[in-house]
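Work through the exercises below with the sequence and the model open. Try each task before reading its solution.

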Amino acid sequence: METFASSASSLSISSEPHVLAVDDNLVDRKLVEKLLKKSSCKVTTAEDGLRALEYLGLGAHHDSSTNSNGSKVNMIITDYCMPGMTGYELLKKIKESSIMKDVPVVIVSSENIPTRINQCMEEGAQIFMLKPLKHSDVERLRCQITQC
């Protein structure tokens, strides 16, 4: 079983924003990956929060300041509802990290619960979006990454 799936080829252009997409649902993960790739983003996927932390170099067995393959992540998109570690818990871990705290985190959820949205925004989420993501949502995210 592969831990991380990167969709970028070895010939990828370094100016492509690199997005880590975290979702326990394979269909949702593939949808986000497809939409982001259409917007010229490099995408790495992880199926849960623990794998995402490992990839970011924040897992229990990592001490380094770069992620496992040394590439910079420009944005993290995570599902809120996941087994083991919620997107909110992942967000907190990222924001507690001195090396990752400035990376924008986007929380996505199929449930529109105002208290949940507020909680995530107060903890440092850049944006809270409802599933399923659409092309217009990805354009908005791309703007966040490239500061357009």
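**Exercise 1.** In this predicted model, find which residues I76 is in contact with, leaving aside neighbours within four places in sequence.

Solution. Step one: list the contacts of I76, which are L20, V22, L56, I94, M100, V103, P104, V105 and V106. Step two: place I76 in a wider set; I76 is among the residues with the most contacts inside the largest nonpolar core, along with L20, V22, L56, I107 and C120. That core has 24 residues. Step three: trace where the core comes from. At least two of its residues are supplied by each of β2 (18-22), α2 (49-56), α3 (87-96), β5 (105-109) and α4 (114-122). Step four: look for a further core. Another one, of 17 residues, lies apart from the largest core and includes M75, V106, L133 and V138. As background, nonpolar side chains in soluble globular proteins tend to be buried together.

**Exercise 2.** Locate D79 and decide: is D79 buried or exposed?

Solution. Step one: D79 is in strand β4, which covers residues 75-79. Step two: the relative accessibility of D79 is 5%. Buried means under 20%, so D79 counts as buried. Step three: beyond four places in sequence, D79 touches V22, D23, D24, G87, V108, S109 and K131. Step four: check the record. An unreviewed UniProt entry lists D79 for "modified residue: 4-aspartylphosphate".

**Exercise 3.** Describe the surroundings of S109, and state which side chain its own side chain meets in a polar contact.

Solution. Step one: S109 is found in strand β5. Step two: its relative accessible area is 1%, so S109 is buried. Step three: the side chain of S109 makes a polar contact with the side chain of R116, at 3.4 Å. Step four: with neighbours within four places in sequence left aside, S109 is in contact with D79, Y80, R116, F128, M129, L130 and K131. D79 and K131 are among these contacts, and D79 in turn touches K131.

**Exercise 4.** How many cavities of 30 Å³ or more does the structure hold, and which residues line the largest cavity?

Solution. Step one: the count is 1 cavity of 30 Å³ or more. Step two: the space in the largest cavity is about 50 Å³. Step three: its lining consists of D23, D28, L31, V32, V108, K131, P132 and L133. Step four: assign the lining to elements; helix α1 (residues 26-38) gives the most, with 3 residues. Step five: compare with Exercise 2. D23, V108 and K131 of the lining are also among the residues that D79 touches.

Methods: Residues are numbered from 1 along each chain as its sequence is written. This is a predicted model: local features need pLDDT of at least 70, side-chain atom pairs count only at pLDDT 80 or more; totals for chains, interfaces and linings use all residues. Side-chain values use heavy atoms; hydrogens and water are left out. UniProt positions are given in the numbering used here, feature names are shortened, and annotations may be inferred rather than shown by experiment. Helices (H or I, at least four residues) and strands (E, at least two) are DSSP runs, numbered from the N terminus. Buried means under 20% relative accessible area, exposed over 50%, partly exposed in between (1.4 Å probe, protein chains only). Contact means heavy atoms within 4.5 Å. A nonpolar core is a set of buried Ala, Val, Leu, Ile, Met, Phe, Trp, Tyr and Cys residues joined through side-chain atoms within 4.5 Å. A polar contact is a pair of N or O atoms within 3.5 Å; within protein, one must be able to donate a hydrogen and the other to accept it, and residues adjacent in sequence count only if both atoms are side-chain atoms. On a 1 Å grid over the protein atoms alone, a cavity is a set of points where a 1.4 Å probe fits but cannot get out, and a pocket is an open set with protein on both sides within 12 Å along at least five of seven lines; lining residues have an atom within 4 Å of a point. Grid points are joined across faces, edges and corners, and a volume is the space filled by probe spheres set on the points.
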